Amino acid sequence: MNKPHKKNGAVWLAALPLYLFTLVFVLGPLVYMLILSFQKRADVWGVVHEFTLANYQNILTPVYLETFVESFRLALTSTFFIVLIGYPFGYFMAKLSAPWKKRMMLLLMVPFWTSSLIRLYGWIIIFRAKGTLDQLLMGLGLIDKPLKLLYSYEAVVVGMVYALLQFMILAVYSSAEKLDWNLVQAARDLGATPFQAFYTVTLKLTLPGLLSGVILTFIPSMGLFFIADLLGGNKIVLVGSLIQDQLMKAHNWPFAAALSVVLMILTSLMITLYKRVTHSNELEGIL
């Protein structure tokens, strides 16, 4: 009679370290950041424990709103190209034979074995004036003078796509690999064109993977400030760069906390939207 209680107690004790870790290292910092965002900055160093909404009001000033807009625009641009490249890659990768799937998976994992900073410095060598790209294009006679791509918006977009493309490919691949290809063939047998079969069957069934890839690429691209710093110089300021400057240079911790809270809210809204879309897609599949 006491066995269920003993089993439940054992499960609870086994999960206790996870709950404690989550409480101390996840929930605790989030609560501290929220409380800090409503406090005042001290004149010299530290924080004055007085309630204020000035930090959030300060975000509404044009210069900081422009930073959010620029970060959002860069995230949209990067995500667009990532989807454009990553979705076909993951889709056709799922249709390969088992040995080739393993080979492609290995190629996707190799970049993770090297520091992202080292890989980005490789792009600096490629994009700099009279660098690898300029020498190649001038050698082919396609350009007469260096393109000067380094420290430009285009270079930052390329860096974002390069750093986050694997996440989109793996998300789409995991969804496409589970796809029942007989459904696609059935749509073709019923008279659907290849595009109609793709749109009505393949795209809808792989939509959860596509949306997962969008979440995994769009959200980080708003905060990967080191890519903007290395490839864009000081011309492109992201929300992540602004938070870092407020923490390390201005020492305005309450304002940095307020920026982090707003960014976290935007992230949570995107995740909620993703859950609703995938849930509605599952309901359509059931009906």
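**Exercise 1. Salt bridges**

Task: Starting from the side chains of E50 and K40, which meet in a salt bridge at 3.1 Å from N to O, work out which parts of the chain this pair ties together, and then set the pair beside others found in this predicted model.

Solution. Step 1: place the two partners. E50 belongs to the loop between β2 (47–48) and α2 (54–59), whereas K40 is part of strand β1 (residues 40–41), so the salt bridge ties together parts that are ten residues apart in sequence.

Step 2: ask how accessible each partner is. E50 has a relative accessible area of 40% and is partly exposed, and K40, at 35%, is likewise classed as partly exposed.

Step 3: widen the search. Over the whole structure four salt bridges are found, and one of them joins E70 to R73, with 3.2 Å between N and O. Here both residues sit in helix α3 (residues 62–94), three residues apart, which is about one turn of the helix. For this pair the accessibility has to be read residue by residue: E70 is buried, with a relative accessible area of 14%, while R73 is partly exposed at 42%.

Step 4: add the pair K249 and D245, whose closest N and O atoms are 3.8 Å apart. This value still satisfies the criterion of a side-chain nitrogen within 4 Å of a carboxyl oxygen. K249 is exposed, at 65% relative accessible area, and D245 is partly exposed, at 24%.

**Exercise 2. Backbone angles**

Task: Determine where K130 and Y151 are placed in the chain, and state what is notable about phi in K130 and in Y151.

Solution. Step 1: K130 has a phi near 60°, a positive value in a residue other than glycine. The residue is located in the loop between α5 (116–127) and α6 (132–139), and with 60% relative accessibility K130 counts as exposed.

Step 2: Y151 also has a positive phi without being a glycine, with a value near 65°. Its place is the loop between α6 and α7 (153–177), and at 39% relative accessibility Y151 is partly exposed.

**Exercise 3. Nonpolar cores**

Task: Identify which elements build the largest nonpolar core, which of them gives the most residues, and what M160 touches.

Solution. Step 1: the largest nonpolar core contains 34 residues, and L74, V156, M160 and L231 are those with the most contacts inside it.

Step 2: two or more residues of this core come from each of α3, α4 (98–109), α5, α7 and α11 (225–232). Among these elements, α7 gives the most, with 13 residues.

Step 3: follow one residue. Leaving aside residues up to four places away in sequence, M160 touches L74, S78, I82, S221, L224, I227 and L238.

Step 4: a second core, separate from the one above, has 14 residues, and I59, Y64, L242 and L263 are included in it.

**Exercise 4. A nonpolar surface patch**

Task: Find which helix gives the most residues to the nonpolar patch, and say in which helix M264 is found.

Solution. Step 1: the patch consists of F21, L23, V24, F25, V26, L27, L30, V31, I35 and M264, which together have about 890 Å² of accessible area.

Step 2: helix α1 (residues 3–36) gives the most, with nine residues. M264 lies instead in helix α13 (residues 253–286), and at 32% relative accessibility M264 is classed as partly exposed.

**Exercise 5. Comparing the record with the model**

Task: Take the UniProt annotations for the transmembrane regions and for the domain, and ask how much helix and strand the model has over residues 72–94, 253–274 and 68–274.

Solution. Step 1: an unreviewed UniProt entry places the feature "transmembrane region" at residues 12–35, 72–94, 106–129, 149–173, 210–233 and 253–274.

Step 2: over residues 72–94 the model is 100% helix and 0% strand, with the end C-alpha atoms 31 Å apart. Residues 253–274 are also 100% helix and 0% strand, and their end C-alpha atoms are 31 Å apart.

Step 3: the unreviewed entry in UniProt also gives "domain: ABC transmembrane type-1" at residues 68–274. That span is 77% helix and 0% strand in the model, and its end C-alpha atoms lie 21 Å apart.

Methods
Residues are numbered from 1 along each chain as its sequence is written. This is a predicted model: local features need pLDDT of at least 70, side-chain atom pairs count only at pLDDT 80 or more; totals for chains, interfaces and linings use all residues. Side-chain values use heavy atoms; hydrogens and water are left out. UniProt positions are given in the numbering used here, feature names are shortened, and annotations may be inferred rather than shown by experiment. Helices (H or I, at least four residues) and strands (E, at least two) are DSSP runs, numbered from the N terminus. Buried means under 20% relative accessible area, exposed over 50%, partly exposed in between (1.4 Å probe, protein chains only). A nonpolar core is a set of buried Ala, Val, Leu, Ile, Met, Phe, Trp, Tyr and Cys residues joined through side-chain atoms within 4.5 Å. Contact means heavy atoms within 4.5 Å. Patches are made of residues with over 30% relative accessible area and no salt bridge: like charges are joined within 9 Å, nonpolar side chains (Val, Leu, Ile, Met, Phe, Trp, Tyr) within 5 Å. Accessible areas come from the Shrake-Rupley method with a 1.4 Å probe; for residues, only the protein chains shown count as cover.
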